[in-house]
Amino acid sequence: MSDPAATTSVETECGPADAELFRTLWRGFGSTVALVATQYEGARHAMLATAATSVSMDPPSLLICVNRSASAYPALDARGAFSLGILPARHQPICAHIARAPAAERFATGDWRSHRPDTVSEPLPWLAEAQATLFCETAQSSDFGTHRIFVARVTGASGCLGDDPLLYCDGRFGRFAALEG
């Protein structure tokens, strides 16, 4: 039986971390794929993100980091509200479509629905195939480097506990497999 801790690696001298080295090393950090969607001035916008994490349970909150060059960024910034969906691995084709499609065609695949929070005038799009969807309102945001960090309060939720979330690592979609023992 092979040693699960053994991996193919290339050791390098410790030196300054530039963007290319950081990108290369960070590709090995697997993350859950989050589907972020909003609607602003009647137009829907969606994107995939792996830079999403919980912040606090009281109040329920999370953060997402969005590149300011992303097509959905202006709407996310202006709207101040979004849905965040976690898709199960079996719906990888929907995520692959969203990742490749031009912004205007991202809603052509999947069962998209609308949620109208009490505090906003426009609905938020969300994908029915998600195992869980969180509806969020931006509480704070700040810029760092090429990205804007959005800290948001979770104002609503739908779904169930999933045991097979879609993951992304080293430029590929994948799934979680528990180790024996």
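This is a short walk through the fold of one protein, taken from a predicted model.

I start with the overall numbers. The protein has 181 residues, and its radius of gyration is 18 Å; a compact globule of that length would come out near 16 Å, so the two agree. Along the principal axes, the C-alpha atoms take up a box of roughly 55 × 35 × 35 Å. Of the 181 residues, 33% are buried. As for secondary structure, there are 12 strands and 3 helices.

Now the sheets. One of them is an open sheet of 7 strands, and if you read across it, the order is 3-2-6-9-10-5-4, with antiparallel pairing. Its edges are strand 3, residues 43-49, and strand 4, residues 52-57, each of which pairs on one side only. On average, neighbouring strands in this sheet are turned by 30 degrees against each other, direction ignored. As a reminder, strands in a sheet pair through backbone hydrogen bonds, either parallel or antiparallel.

Let me go through some of the pairings inside that sheet. Strand 6, residues 81-86, pairs with strand 9 in the antiparallel sense, over 6 bridges. Two positions to look at on screen: F82 stands opposite C136 of strand 9, and I86 stands opposite A132 of strand 9.

On to strand 9, residues 132-144, and strand 10. These two run antiparallel and are joined by 12 bridges. F135 has G156 in strand 10 as its bridge partner, and S141 sits opposite F150, also in strand 10. The two strands form a hairpin with 2 residues between them, and in that hairpin G145 has a positive phi near 60 degrees.

Then there is strand 5, residues 60-67, which is joined to strand 10, residues 147-159, by 7 bridges, again antiparallel. One of the partners here is the pair N67 and H147, the latter in strand 10.

Next, the other sheet I want to show. Here 3 strands make an open sheet in the order 1-11-12, with antiparallel pairing. Strand 1, residues 31-32, and strand 12, residues 172-175, are the edges; each has a single partner strand, so one side of each has no neighbour in the sheet. Strand 1 and strand 11, residues 166-169, run antiparallel and are joined by 2 bridges. In strand 11, L167 is the bridge partner of T32.

Which residues form a nonpolar patch on the surface? They are F22, W26 and F29, and together they have about 360 Å² of accessible area. F29 is in the loop between helix 1, residues 19-26, and strand 1. That residue has a relative accessibility of 47%; the exposed class begins over 50%, so F29 counts as partly exposed.

To recap the layout: the order 3-2-6-9-10-5-4 for the sheet of 7 strands, the order 1-11-12 for the sheet of 3 strands, and a surface patch made of F22, W26 and F29.

Note on methods: Residues are numbered from 1 along each chain as its sequence is written. This is a predicted model: local features need pLDDT of at least 70, side-chain atom pairs count only at pLDDT 80 or more; totals for chains, interfaces and linings use all residues. Side-chain values use heavy atoms; hydrogens and water are left out. Two strands pair if DSSP finds at least two bridges between them. Helices (H or I, at least four residues) and strands (E, at least two) are DSSP runs, numbered from the N terminus. Patches are made of residues with over 30% relative accessible area and no salt bridge: like charges are joined within 9 Å, nonpolar side chains (Val, Leu, Ile, Met, Phe, Trp, Tyr) within 5 Å. Accessible areas come from the Shrake-Rupley method with a 1.4 Å probe; for residues, only the protein chains shown count as cover. A salt bridge is a side-chain nitrogen of Lys or Arg within 4 Å of a carboxyl oxygen of Asp or Glu. Buried means under 20% relative accessible area, exposed over 50%, partly exposed in between (1.4 Å probe, protein chains only). Axes are lines fitted to C-alpha atoms, for helices over the stretch in contact, and angles run from 0 to 180 degrees between N-to-C directions. The radius of gyration is taken over C-alpha atoms; the globule rule is 2.2 Å times the number of residues to the power 0.38.
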